Amino acid sequence: SAGGGKVAEKGPQGRINVSSKQGGDESTLTPDVVLSKIMSAYMLGLKRCYKTYLNKDASARGAVKLSFTVNETGRAIGGDAAGFAGEVDTCIEAQMSTWRFPIPRDKDKEATDANFAITLALVPD
């Protein structure tokens, strides 16, 4: 038959683990809070970027370093993803542009910018 039916894609899944996290500023927004939000709200999007690539290269593994600033409204700005395949890095950067976090505050409780660097290990199943 001249197919029209959709076949469920099984394909490789892949896992994403955190290998390091850093926050460069003294603010109320800690690397742990940022990481918790990424794990709970944004990990599915990151996995989608990686899974799409795994369909081309099922053994692709490596690390991607995310660096971004959370501004005084809680938006992730200046997102950069580097170190893995270009198309995965670009996909992740597009995801990062939509991320929101609690507003970082300095010791005087004023809204401030906070910088973060998180390295993720991408491992095929």
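Here a biologist and a modeller talk through a predicted model, one question at a time.

Biologist: Let's start with strand β4, residues 114-123. Is it largely enclosed or not, and how many of its 10 residues are buried?
Modeller: Buried here means under 20% relative accessible area. By that cut-off β4 is largely enclosed by the rest of the structure, because the buried share of its 10 residues comes to eight.

Biologist: Which strand joins β4 through nine bridges?
Modeller: Two strands come up as partners. Strand β1, residues 15-23, pairs with β4 in the antiparallel sense over eight bridges, and N17 has A121 as its bridge partner there. The other partner also runs antiparallel to β4, and F68 stands opposite F116 in that pairing. The strand with nine bridges to β4 is β2, residues 62-70.

Biologist: T69 caught my eye. Which residue does its side chain meet in a polar contact of 2.5 Å?
Modeller: T69 sits in strand β2, and it counts as buried because its relative accessibility is 16%. Leaving out residues up to four places away in sequence, it touches several others, including R75, I77 and D113. The side chain that makes the 2.5 Å polar contact with T69 belongs to N115.

Biologist: What about V123: how far is its C-alpha atom from that of A63?
Modeller: V123 is in strand β4 and is buried, with a relative accessible area of 15%. Among the residues it touches, not counting those up to four places away in sequence, are G14, Y50 and R61. V123 and A63 are 60 residues apart along the chain, yet their C-alpha atoms are separated by 8.6 Å.

Biologist: Now the disulfide. Which helices hold C49 and C91?
Modeller: The search of the whole structure finds one disulfide, formed by C49 and C91 with their sulfur atoms 2.0 Å apart. This pair links distant parts of the chain, 42 residues apart: C49 is in helix α1 (residues 31-54), and C91 is in helix α2 (residues 86-96).

Biologist: Is that disulfide left-handed or right-handed?
Modeller: The two cysteines sit in differing surroundings: C49 is buried at 3% relative accessibility, while C91 is partly exposed at 28%. The torsion about their S-S bond is about -75°, so the disulfide is left-handed.

Biologist: Which element gives the most to the largest nonpolar core?
Modeller: That core has 31 residues, and I38, F68, F84, I92, W99 and F101 have the most contacts inside it. At least two residues each come from α1, β2, β3 (76-82), α2 and β4. The top contributor, with 10 residues, is α1.

Biologist: How is the aromatic pair of Y53 and F84 arranged?
Modeller: The whole structure has eight aromatic pairs. In this one, the rings are 5.9 Å centre to centre with 70° between the planes, and over 60 counts as edge-to-face. Y53 lies in helix α1 and F84 in the loop between β3 and α2, so the pair ties together parts 31 residues apart in sequence. Y53 is buried at 18% relative accessibility, as is F84 at 15%, and the arrangement of their rings is edge-to-face.

Biologist: One last thing: which residues form one aromatic cluster with F68?
Modeller: F68 has already come up opposite F116 in β4, and it is among the residues with the most contacts inside the largest nonpolar core. Its partners in the aromatic cluster are Y42, W99, F101 and F116.

Key
Residues numbered from 1 in each chain as written. Predicted model: local features only at pLDDT ≥ 70, side-chain atom pairs only at ≥ 80, totals over all residues. Heavy atoms only, no water. Buried < 20%, exposed > 50% of the residue type's maximum accessible area, 1.4 Å probe, protein only. Helix = DSSP H or I, 4+ residues; strand = E, 2+ residues; numbered from the N terminus. Pairing = 2+ DSSP bridges. Polar contact = N/O pair within 3.5 Å; in protein donor to acceptor, adjacent residues only side chain to side chain. Contact = heavy atoms within 4.5 Å. Disulfide = S-S within 2.5 Å. Core = buried A, V, L, I, M, F, W, Y, C linked by side-chain atoms within 4.5 Å. Phe/Tyr/Trp six-rings, centres within 6.5 Å; stacked < 30°, edge-to-face > 60°.
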